[in-house]
Amino acid sequence: YTARSLNVGKWIKNARKSDSMGPASDVMQLNFALRQGLKIIKVMKLEETQDTFKTVLSAGPLNINEMYAPLLLQAELFRTDSSACFYSYPKSGETRQFNRRDLRRGKHTGKTMTDEFGNQMIECTWSAPLGGRCVDTFVLDNGGSSLNVNTVISLNNGDECAYTLVYDRSE
């Protein structure tokens, strides 16, 4: 494994340190259910092998206040097991297709790469409706105890947004 593999493991979203997803939801014109769903995704597990980089997103253990939210949402996104919502990309840079992250019809094409500092990145592109590009950059912070996921969304219509989600290491 490389130095980038230091970001593998389970991460818990730190909502107080993370940017609001509101502007991104506006740019992507997300419906009410998906906007609510973004609020309960709290766990990100990163897995890395010699050949692949995989992200797994889930709600994690739900508290009583969140019990009703999944009834309004696309269930496959918010299961608490490891099959929650995952994307696995070859480190070779070869592209893979998955259902769109915004749950609209169609696929997104994604690939993994590294930036000039060796940080793992995922680039996704998709076509209409609201065709565009998204780049997630995974940057360790605070001596490896925090992970910043810096995201830039650029739509073909010229709309853009950027935000950072901050995660604390869980394991």
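This is a short tour of a predicted model, with a suggestion at each stop for what to select next.

**Stop 1: the whole chain**

Start with a cartoon view and colour by secondary structure. You should find 2 helices and 10 strands. Followed from the N terminus, the elements run β-α-α-β-β-β-β-β-β-β-β-β, so both helices come right after the opening strand in that order. Switch on a surface if you like: the chain exposes about 9400 Å², with carbon and sulfur atoms supplying 51% of it. Of the 171 residues, 42% are buried. As for contacts with a separation of 6 or more, 49% of them come from residues 24 or more positions apart.

**Stop 2: the largest nonpolar core**

Next, select Phe138, Leu147 and Ile153. These are the residues with the most contacts inside the largest nonpolar core, which has 27 residues. Which elements give two or more residues to this core? They are helix H1 (22–27) and the strands E2 (43–48), E4 (85–90), E7 (120–126), E8 (132–141), E9 (146–155) and E10 (160–169).

Stay with Leu147 for a moment and show its surroundings. Leaving out residues up to four places away in sequence, Leu147 touches Asn7, Trp11, Met44, Leu46, Phe138, Val139, Leu140, Leu165, Val166 and Tyr167.

**Stop 3: Phe53 and Phe138**

Keep Phe138 selected and add Phe53. Both residues are buried. Their rings form an edge-to-face pair, 5.4 Å centre to centre with 75 degrees between the planes. Phe53 belongs to strand E3 (residues 52–58) and Phe138 to strand E8, so this pair ties together parts that are 85 residues apart in sequence. The chain has 3 aromatic pairs by the rule used here.

**Stop 4: an aromatic cluster**

Now select Tyr87, Tyr89 and Phe98, which form one aromatic cluster. Within this group, Tyr89 and Phe98 make an edge-to-face pair, at 5.4 Å between centres and 75 degrees between planes. Tyr89 and Phe98 are both buried. Then add Arg101 and look at Tyr87: the charged end of Arg101 sits over the Tyr87 ring, 5.5 Å from its centre.

**Stop 5: His108**

From the cluster, move on to His108, in strand E6 (residues 107–114). Is His108 buried or exposed? Its relative accessible area is 2%, which is under the 20% cut-off, so His108 counts as buried.

Show the side chain and look for two links. One is a polar contact of 3.3 Å between the side chains of His108 and Tyr89. The other runs from the His108 side chain to the backbone oxygen of Asn99, at 3.2 Å.

Expand the selection to the residues in contact, again setting aside those up to four places away in sequence. His108 touches Tyr87, Tyr89 and Phe98 from the previous stop, and Arg101 as well. The rest of the list is Arg96, Gln97, Asn99, Arg100, Cys124, Thr125 and Trp126.

**Stop 6: Lys42**

Finish at Lys42, in the loop between helix H2 (32–40) and E2. At 28% relative accessibility, Lys42 counts as partly exposed. Add Ser58 and show the C-alpha atoms: those of Lys42 and Ser58 are separated by 6.4 Å, although the two residues are 16 residues apart along the chain.

Key: Residues numbered from 1 in each chain as written. Predicted model: local features only at pLDDT ≥ 70, side-chain atom pairs only at ≥ 80, totals over all residues. Heavy atoms only, no water. Helix = DSSP H or I, 4+ residues; strand = E, 2+ residues; numbered from the N terminus. Buried < 20%, exposed > 50% of the residue type's maximum accessible area, 1.4 Å probe, protein only. Polar contact = N/O pair within 3.5 Å; in protein donor to acceptor, adjacent residues only side chain to side chain. Contact = heavy atoms within 4.5 Å. Core = buried A, V, L, I, M, F, W, Y, C linked by side-chain atoms within 4.5 Å. Phe/Tyr/Trp six-rings, centres within 6.5 Å; stacked < 30°, edge-to-face > 60°. Lys NZ or Arg CZ within 6 Å of the ring centre and 35° of its normal. Areas by Shrake-Rupley, 256 points an atom, 1.4 Å probe, with all protein chains shown as cover.
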